[in-house]
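Colleague: I should like a close look at a single part of this structure, namely the open sheet and the helices that pack on it. Please describe it in a connected way, suitable for a first-year student.

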Amino acid sequence: MSDTSESTDDAEGNEPADADVSAASDSPAVDADEVRHVAELARVRLADDEVETFAAQFGDILDYFDALDEVPETDREEELVNVMRPDEVESGLSQEEALSNAEETEDGYFVGPKVS
Amino acid sequence: MAADYNAFITEATIEGDADAEGPLADATVAVKDNISTEGVRTTCGSEMLADYVPPYSATVVDRLTDAGATVVGKANMDEFGMGTTTETSAFGPTRNPADPERVPGGSSGGSAAAVAAGEADLALGSDTGGSVRCPAAFCGVVGIKPTYGLVSRYGLVAYANSLEQIGPIANTVEEAAAALDVIAGPDPNDGTTRDLTDVEGVDPDASYAAAADGDVDGLTVGIPTELFEGADERVVETVEAAIGDLEDRGAETTEISLPSVEHAVQAYYVIAMAEASSNLARFDGVRYGARAESDGNWNESFAETREEGFGAEVKRRILLGTYALSAGYHDKYYEKAQDARAWVRQDFEDAFADVDVIASPTMPVLPFELGESLDDPLRMYLADANTTPVNLANLPAISVPAGEADGLPVGLQIVGPKFGEETVIRAASAVEDAE
């Protein structure tokens, strides 16, 4: 599910981010193919009309997000400390409880969809 | 009554400890439906979890029932907390008891509506970008967003972990503060909770309810121009009158500037969507949740399950979050949003060197009419202009009724420094007394 290291679009993904900004004003920020590609990365199937609606809405929203370019680089130092606890066995969910919400189980295991 | 406003997704009772004493003994409480309740379904307002029954309760629910409060139902909400109107719920919109043709705000709209309609004494909401304060403002009740780390998130179904806190909603500041007294405090099951004995300048034994004493003599109140610009004039007038009441009681006001907040909505949505795209990856129909009938392989089955289970706003945020984290866009959106977040935090820190609290309208608009903003997501996002900076800066804030404009409730937001809950509660109680 976390294929976010993949580029959303090979052609655009390899260009520096700034190159996209200048183009944003005269062409939509995202087209239908790009919406389909991101949806595939996110494992969400979309209907065709949903793709069209999203492409238009994403254009508006991403245009608005572009104002983040004006934000100065900021020192992000914040005091953070690790929170640890002793590594001791504690009671947790029983196997039955853990499986209680699964659509399909077998011999105490979750059953997933076929792999290929 | 409940059916009139659709405040509850599930009406069910979890009895409180009958022997408990204290302000919450015998109180009734509505719990937002993204907060786990053992044996009572917890849907998050989504088809995906329509039949999900948690095997354990959230820490906050145990603390409330231990204190004698009885849960009366699971409150309606925008799907997974994603919305400002409670209209993205898969279980239908909640209506605003102040005007049933209008939305109650969101995403904790059912929680605020239940309290406003008298269907519960108290409610729990969760606030990721304003989701407790917005519905409190729109429904004319009190809502508190605690400092990040004050209240345990164990058992809260995650949407954007770095931003969200569970907070109480009630008819009065004192009642909301009493509920906060019960739910606040460290929890070994949530490593981000803070033990207040470790926080400098904070009294770990303080009672929040006792702070609702209305004494604001000598309190300095910062008025950030940026959070008034662009707000509806009727809202501004009502809020300014409430701030005038604080001055009458001895508070001093001073104009301040928070230039970073112009970027708060952008930064908030990029960060929240990015975290959502990761958090909601868990809903694949295997361990819990609905699963689509699919003949396809693993990936096709997941994609079909998520197509069926998620509504449009949730899909939008997962996709935009995935986009903002993807190669080529990560630096442009996500990294810049983190810079903006640090800038907002710094701005507030600087402001609190000079003032005790910061006051503004909670929402820059009056409650929307039902259906008004649903097809225009960006318009809905922009309504969060005054609430999102607080989440980005991890600060405590309260929304308290400031009065009405055109017969509709208007909320005043009071923000304090980290773990400054007592101060915002004290200031809010003075606004309430003046009404």
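Modeller: The following account treats the sheet, then the strands within it, and then the helices that pack on it. Please note that this is a predicted model.

The part in question is an open sheet of 11 strands in chain B, with mixed pairing. Its strands follow the order β1-β3-β2-β4-β6-β5-β10-β11-β9-β7-β8. At the edges stand β1 (8-10) and β8 (252-256) of chain B. Each of these two has a single partner strand, so one side of β1(B) and one side of β8(B) is left without a neighbour in the sheet. On average, and with direction ignored, neighbouring strands are turned by 35° against each other.

One pairing may be examined more closely. Strand β9 (residues 357-361) of chain B and strand β11 (residues 408-415) of chain B pair in the antiparallel sense, over four bridges. Within these strands, B:A359 has B:I414 of β11(B) opposite it.

Two helices are to be considered with the sheet. Helix α5(B) packs on the sheet and touches four strands of chain B: β4 (122-127), β5 (142-145), β6 (165-170) and β10 (397-405). The direction of α5(B) makes about 145° with that of β6(B). Helix α13(B) lies across β9, β10 and β11 of chain B. With respect to β10(B), α13(B) runs at about 15°. Strand β10(B) is thus named in both descriptions, being touched by α5(B) and crossed by α13(B).

The two helices also pack against each other. Helix α5 comprises residues 173-183 of chain B and helix α13 residues 421-434 of chain B; their axes are 9 Å apart, and the packing angle is about 160°. Because angles over 145 degrees count as roughly antiparallel, α5(B) is roughly antiparallel to α13(B). On the side of α5(B), the contact is made by B:V173, B:E174, B:A177 and B:L180. On the side of α13(B), B:E421, B:I425, B:A428, B:S429 and B:E432 take part. By class, this contact has five nonpolar, one polar and three charged residues.

In summary, the picture is of an open sheet in chain B on which α5(B) packs, with α13(B) lying across β9, β10 and β11, and with the two helices roughly antiparallel to each other.

Technical notes:
Residues are numbered from 1 along each chain as its sequence is written. Chains are lettered from A and ligands numbered from 1 in the order in which they are written. This is a predicted model: local features need pLDDT of at least 70, side-chain atom pairs count only at pLDDT 80 or more; totals for chains, interfaces and linings use all residues. Axes are lines fitted to C-alpha atoms, for helices over the stretch in contact, and angles run from 0 to 180 degrees between N-to-C directions. Angles under 35 degrees count as roughly parallel, over 145 as roughly antiparallel, 65 to 115 as roughly perpendicular and the rest as oblique. Two residues are in contact if their C-beta atoms, placed from the backbone, lie within 7 Å. Ala, Val, Leu, Ile, Met, Phe, Trp, Tyr, Cys and Pro count as nonpolar, Asp, Glu, Lys and Arg as charged, and the others, Gly among them, as polar. Two strands pair if DSSP finds at least two bridges between them.
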